[in-house]
Amino acid sequence: MDIFIIIAGFAVSAFTAFAFFKAGKFKATSSKETLLKAGFGWIEKIPFGVVRLIAWLEILGAIGVVVAPIGYLLGYAWAIWFAIAAAVGLALTMVGAIWVHAARGETKYTLKMNLNLLVASLVTAGSWFALTLI
């Protein structure tokens, strides 16, 4: 059963990490004008440093959900808690995104993707947490 949880955990983690890394990298490397043209209207009213902070939190979370379980497999049992924390942090990021988009009336366009990423983050956290119960 352990091997099934590990394989499922890595599969979900890989999807979650890819999605958040790609989104974070785009926000971290693009100019404000590029982001506005891409439809990121929510950045108009917040400091651009906050956008960069969100980007780097997404990148670090993506790294955490993949690298920490590798540490666990190498014998560092405590490392799995970093993966769980990273996945929960990414889920909280999506809760914040849903909240911001709802306040701006953009849920028609963003809710499906935000919910998919929220669920992926929660499943990632749950799969690694299940490993600690065994």
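Buried here means under 20% relative accessible area. Keep that cut-off in mind as you click through this predicted model.

**Stop 1: a charged pair under cover**

Select E58 and K27 and show their side chains. They meet in a salt bridge, 2.9 Å from N to O. E58 sits in helix α3 and K27 in helix α1, so the pair ties together parts that are 31 residues apart in sequence. Are these two residues buried or exposed? E58 has a relative accessible area of 3%, so it is buried. K27 is buried as well, because its relative accessible area is 7%.

**Stop 2: along α1**

With K27 still highlighted, extend the selection to all of α1, residues 2-29. This helix has 28 residues, and its first and last C-alpha atoms lie 39 Å apart, close to the 40 Å expected at 1.5 Å a residue. Now colour its buried positions: I5, I6, G9, S13, T16, A17, A19, F20, G24, K27 and A28. Turn the view to see what they pack against, namely α2, α3, α4 and α5.

**Stop 3: the nonpolar cores**

From α1, pick F20 and add V65, M94 and L117. In the largest nonpolar core, which has 14 residues, these four touch the most other members. At least two residues of this core come from each of α1, α3, α4 and α5. Which helix gives the most to the core? That is α4, with six residues.

Apart from this core lies another, made of eight residues, including I5, A68, I80 and A83.

Zoom in on V65 next. Setting aside residues up to four places away in sequence, V65 touches S13, A17, A83, A86, A87, L90, T124 and W128.

**Stop 4: α4 from end to end**

Select α4, residues 80-103. Its 24 residues should span 34 Å at 1.5 Å a residue, and the end C-alpha atoms are 35 Å apart, which agrees. The buried residues to highlight are I80, A83, I84, A86, A87, L90, A91, M94, A97 and H101. They pack against α1, α3 and α5.

Pause at H101, which is found in this helix, α4. Its relative accessibility is 10%, so H101 counts as buried. Which residues is H101 in contact with, leaving aside its neighbours within four places in sequence? Show W42, E106, T107, T110 and N114 to see them.

**Stop 5: just past the end of α4**

Step on to G105, which follows α4 and has a positive phi, near 75°. Then display R104 and E106, whose side chains meet in a salt bridge at 2.8 Å, N to O. The two partners fall into separate classes of accessibility: R104 counts as partly exposed because its value is 36%, while E106, at 15%, counts as buried. The salt bridge count for the model comes to two.

**Stop 6: α5**

Move on to α5, residues 107-133. It has 27 residues and reaches 37 Å from its first C-alpha to its last, close to the 39 Å expected at 1.5 Å a residue. Colour the buried set: T110, N114, L117, L118, A120, S121, T124, A125, S127, W128 and L131. Among the elements covering them are α1, α3 and α4. Several names will be familiar: T110 and N114 are in contact with H101, and T124 and W128 touch V65.

**Stop 7: the loop before α3**

Now find E44, in the loop between α2 (32-37) and α3. At 48% relative accessibility, E44 counts as partly exposed. Draw a line from its C-alpha to that of K32: they are 8.6 Å apart in space and 12 residues apart in sequence. Leaving aside neighbours within four places in sequence, E44 is in contact with K32, L36 and R104. R104 is the residue whose side chain meets that of E106.

**Stop 8: a nonpolar patch outside**

Finish on the surface. Select I70, L74, Y76, W78 and F82, which form a nonpolar patch there with about 600 Å² of accessible area together. Where is Y76 placed? It lies in the loop between α3 (48-73) and α4. Y76 counts as partly exposed, because its relative accessibility is 46%.

Notes:
Residues numbered from 1 in each chain as written. Predicted model: local features only at pLDDT ≥ 70, side-chain atom pairs only at ≥ 80, totals over all residues. Heavy atoms only, no water. Patch = residues over 30% accessible without salt bridge, like charges linked within 9 Å, V, L, I, M, F, W, Y side chains within 5 Å. Areas by Shrake-Rupley, 256 points an atom, 1.4 Å probe, with all protein chains shown as cover. Salt bridge = Lys/Arg side-chain N within 4 Å of Asp/Glu carboxyl O. Helix = DSSP H or I, 4+ residues; strand = E, 2+ residues; numbered from the N terminus. Buried < 20%, exposed > 50% of the residue type's maximum accessible area, 1.4 Å probe, protein only. Core = buried A, V, L, I, M, F, W, Y, C linked by side-chain atoms within 4.5 Å. Contact = heavy atoms within 4.5 Å. Expected span 1.5 Å × (residues − 1).
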